[in-house]
Amino acid sequence: MGELRLMKGNEALAEAAIRAGVDGYFGYPITPQSEVVEYLTAEKPHERTGMVVLQAESEVASINMLYGGGATGKKVMTSSSSPGISLMQEGLSYIAGAEIPCVVVNVVRGGPGLGDIQPAQSDYFQAVKGGGHGDYRLIVLAPSSVQEMSDFVPLAFDLAFKYRNPAMIMSDGLIGQMMEKVELFDPMPRMTDDEIKEKYPWATNGKPVGGERRIITSLDLDPHRLEDHNHHLQEKYREVEENEVRYELFDCDDAEYIIVAYGSSARVCQKSIQLAREEGIKVGLLRPITLWPYPKKQIREFVDKGVKGFLSVEMSAGQMIEDIKLAVEGQARVEYFGRYGGVIPSPEEVVEAFKNKFQED
Amino acid sequence: MTEEIIIAGFGGQGVLSMGKILAYSGVMQDQEVSWLPSYGPEMRGGTANVTVIVSDERISSPSITSFDTAIILNQQSMDKFEPTVKPGGVLLYDPNGISRPPERKDINIYKVQGARLAAEMGNTKIFNMIVLGAYLKVKPIVKLENVIQGLKKSLPERYHKLIPLNEDAITMGMKNVEVVQTV
């Protein structure tokens with residue numbers, strides 16, 4: 001068993017970055033994410049593993065440091081909260097176009113604009129539908145515990161390097177700020193330059209003797225070549241959709257209705273389904289772990305098994321419900337309940353909302 | 001066993017650290033725990049609260065609206081959290097700084113003179129440990145030895161010499177908790 005600690009989500013994520021053998025972290029403080037930068041600065045990871053931690057001058061600088069570091073095949077990451085992630089969208093689009101692996105963490109707060117600093121999930125569209133310009137996708141993981149804040153760091157890097165694609169960990173103020181028990185995984189060594197050269201033939205870390213010059217760019221002025229590049233990206237995205245969907249089920253075996261919720265909302269809804277089942281309501285919970293790729297097939301299978309309705313519970317104003325509707329294709333009722341602007345729904349009000357939407361059936 | 005607790009008072013009273021030590025004590029005896037602070041533009045003198053859950057089972061929602069126990073250390077928190085105690089639950093408060101004592105008839109109410117006892121012990125910083133002691137007398141959900149282990153884990157090494165003082169404060173709280181009403 002790994003080392004057991006009581007940690008905040010943000011701290012667990014920062015410790016996981018050091019243990020995952022990350023080469024460079026570039027970030028800028030913003031509530032409710034600042035503990036990541038704070039922890040990494042206090043921990044002096046360059047003394048532990050040689051990992052570089054740099055407080056950038058802005059979020060725009062951070063994301064472009066990821067572009068540069070990631071292009072050399074190094075494991076690089078940044079973290080921020082909603083307004084800071086908005087500033088990074090141009091860079092993310094470039095990184096996706098140039099197929100550079102990296103990990104971006106969003107500890108979401110209430111918006112739009114400067115919003116507030118309380119937990120929210122209202123960056124869902126931005127995370128899963130693009131965010132920046134052009135046809136691209138981020139692989140998006142949604143942790144719902146402090147344990148997953150730790151575990152998803154190496155997972156996000158594995159996926160990012162496997163597909164040469166930016167991966168996002170989409171958390172929120174609640175998961176970032178709360179403390180839970182976390183079992184830390186054993187430290188993994190950072191890769192040496194030789195290992196990187198051998199493993200990633202695309203990395204721009206010097207022209208090999210007698211080899212081809214390597215170019216990483218998102219620019220191609222020839223529309224046909226750029227179309228080919230886009231074909232390639234789309235094929236890659238289909239492969240990710242085929243292989244990387246992750247989700248968790250609670251009490252779905254005999255469920256007549258299913259609540260769909262991720263991250264903090266999924267924690268609230270775990271309690272809601274307990275309360276509902278005490279009243280004899282057969283309701284289960286499906287928690288998407290990957291928000292993109294979305295567990296569409298799994299939702300559709302529940303429709304085919306006769307589930308009567310789905311309730312999307314979000315800390316946003318009806319964003320994820322669109323993906324549930326796309327999965328269901330009109331074959332079952334899909335309703336929405338949410339709180340937003342930094343308000344966390346209570347387990348009881350979710351049950352109330354469920355009854356209002358479905359109990360007259 | 002699942003115990004859902006809100007601890008609420010002024011920033012600077014040690015509300016968040018009391019919660020942290022309680023949570024760490026749970027970890028020491030292999031229980032599941034969650035610690036969810038109110039965070040925000042808060043400062044010394046403003047209000048602060050923390051929700052702590054200690055359970056034998058996997059914890060569902062760390063964010064909850066009703067509690068088995070409320071530990072209340074100022075009037076604003078009394079106004080806000082007295083109504084959130086589950087019927088039959090526990091409300092523990094320090095009467096210093098409370099202008100309107102609790103009025104519920106369906107809950108167990110206890111008080112401890114935390115601020116006064118801390119002043120008598122000559123160190124106002126151990127106020128929160130006195131209150132924690134009072135709570136553990138009413139609800140012995142974690143063993144004292146595990147609290148000491150929790151203190152060791154949550155305090156930086158340079159403060160470990162203060163652990164005996166904290167232990168005395170917990171004992172002081174245990175001895176001085178007063179029953180106001182039981183149901």
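## Two domains, two sheets and a few aromatic rings

Chain A splits into domain 1 (3-193) and domain 2 (247-358), with bounds that come from an automatic or database domain assignment. This is a predicted model, so local features need pLDDT of at least 70 and side-chain atom pairs count only at pLDDT 80 or more, while totals for chains, interfaces and linings use all residues. Residues are numbered from 1 along each chain as its sequence is written, chains are lettered from A and ligands numbered from 1 in the order in which they are written, and side-chain values use heavy atoms, with hydrogens and water left out.

Taken over C-alpha atoms, the centres of domain 1 and domain 2 of chain A are 27 Å apart. Domain 1 of chain A puts 29 residues into the contact and domain 2 of chain A puts in 24 residues; contact here means heavy atoms within 4.5 Å.

**The sheet in chain A**

Let's start with an open sheet of 5 strands in chain A, which runs β9-β11-β10-β13-β14 with mixed pairing. For the bookkeeping, helices (H or I, at least four residues) and strands (E, at least two) are DSSP runs numbered from the N terminus, and two strands pair if DSSP finds at least two bridges between them. At the edges sit β9 (247-250) and β14 (333-338) of chain A, each pairing on one side only. On average, neighbouring strands of this sheet are turned by 20 degrees against each other, direction ignored. Axes are lines fitted to C-alpha atoms, for helices over the stretch in contact, and angles run from 0 to 180 degrees between N-to-C directions.

Inside that sheet, β10 (residues 257-260) and β11 (residues 283-288) of chain A pair in the parallel sense over 4 bridges. One residue to look for is A:Ile258, whose bridge partner in β11(A) is A:Gly284. Helix α13 (residues 296-304) of chain A packs on the sheet, where it touches β9, β10, β11 and β13 (309-314) of chain A. The direction of α13 makes about 145 degrees with that of β13(A).

**Rings and cysteines**

Over all chains, the count is 9 aromatic pairs. The rule takes rings of Phe, Tyr and Trp (its six-membered ring) with centres within 6.5 Å; planes under 30 degrees apart count as stacked, over 60 as edge-to-face and the rest as tilted. Here are two of those pairs, which share A:Phe354.

| Pair | Centre to centre | Angle between planes | Type |
|---|---|---|---|
| A:Tyr257 and A:Phe354 | 5.3 Å | 85 degrees | edge-to-face |
| A:Phe354 and A:Phe358 | 5.3 Å | 45 degrees | tilted |

The pair of A:Tyr257 and A:Phe354 links distant parts of the chain: A:Tyr257 is in strand β10 and A:Phe354 is in helix α15 (residues 347-358) of chain A, 97 residues apart. A:Phe354 and A:Phe358 are 4 residues apart in helix α15 of chain A, so about one helical turn separates them. A:Tyr257 counts as buried at 7% relative accessibility, and A:Phe354 is buried at 3%; A:Phe358 is buried too. Buried means under 20% relative accessible area, exposed over 50%, and partly exposed in between (1.4 Å probe, protein chains only). Elsewhere, A:Tyr124, A:Phe125 and A:Tyr262 form one aromatic cluster.

Disulfides come to 0 over all chains, counting a pair of cysteine sulfur atoms within 2.5 Å. Why is A:Cys269 without a bond to A:Cys252? The sulfur of A:Cys252 is the closest cysteine sulfur to that of A:Cys269, but it is 12 Å away, too far for a bond. A:Cys269 is buried at 0% relative accessibility, and A:Cys102 is also buried at 0%.

**The sheet with strands from both chains**

An open sheet of 9 strands, also with mixed pairing, has the order β1(A)-β8(A)-β2(B)-β3(B)-β1(B)-β4(B)-β5(B)-β6(B)-β7(B). The edges are β1 (3-8) of chain A and β7 (178-181) of chain B; each has a single partner strand, so one side of each is left without a neighbour in the sheet. Neighbouring strands are turned by 25 degrees against each other on average, direction ignored. Strand β8 (residues 179-184) of chain A pairs with β2 (residues 32-37) of chain B in the antiparallel sense over 2 bridges, and A:Met179 stands opposite B:Trp35 in β2(B).

**A helix in chain B and a proline in chain A**

Helix α5 (residues 144-154) of chain B has several buried residues, among them B:Val147, B:Ile148 and B:Leu151. The buried residues of α5(B) pack against α1 (15-28), α4 (127-138) and α6 (163-176) of chain B.

A:Pro83 lies in helix α5 (residues 82-87) of chain A and is buried, with a relative accessible area of 18%. Leaving out residues up to four places away in sequence, A:Pro83 touches A:Ile30, A:Arg109, A:Gly113 and A:Leu114. A:Ile30 is 53 residues from A:Pro83 in sequence and 8.8 Å from it in space, C-alpha to C-alpha.
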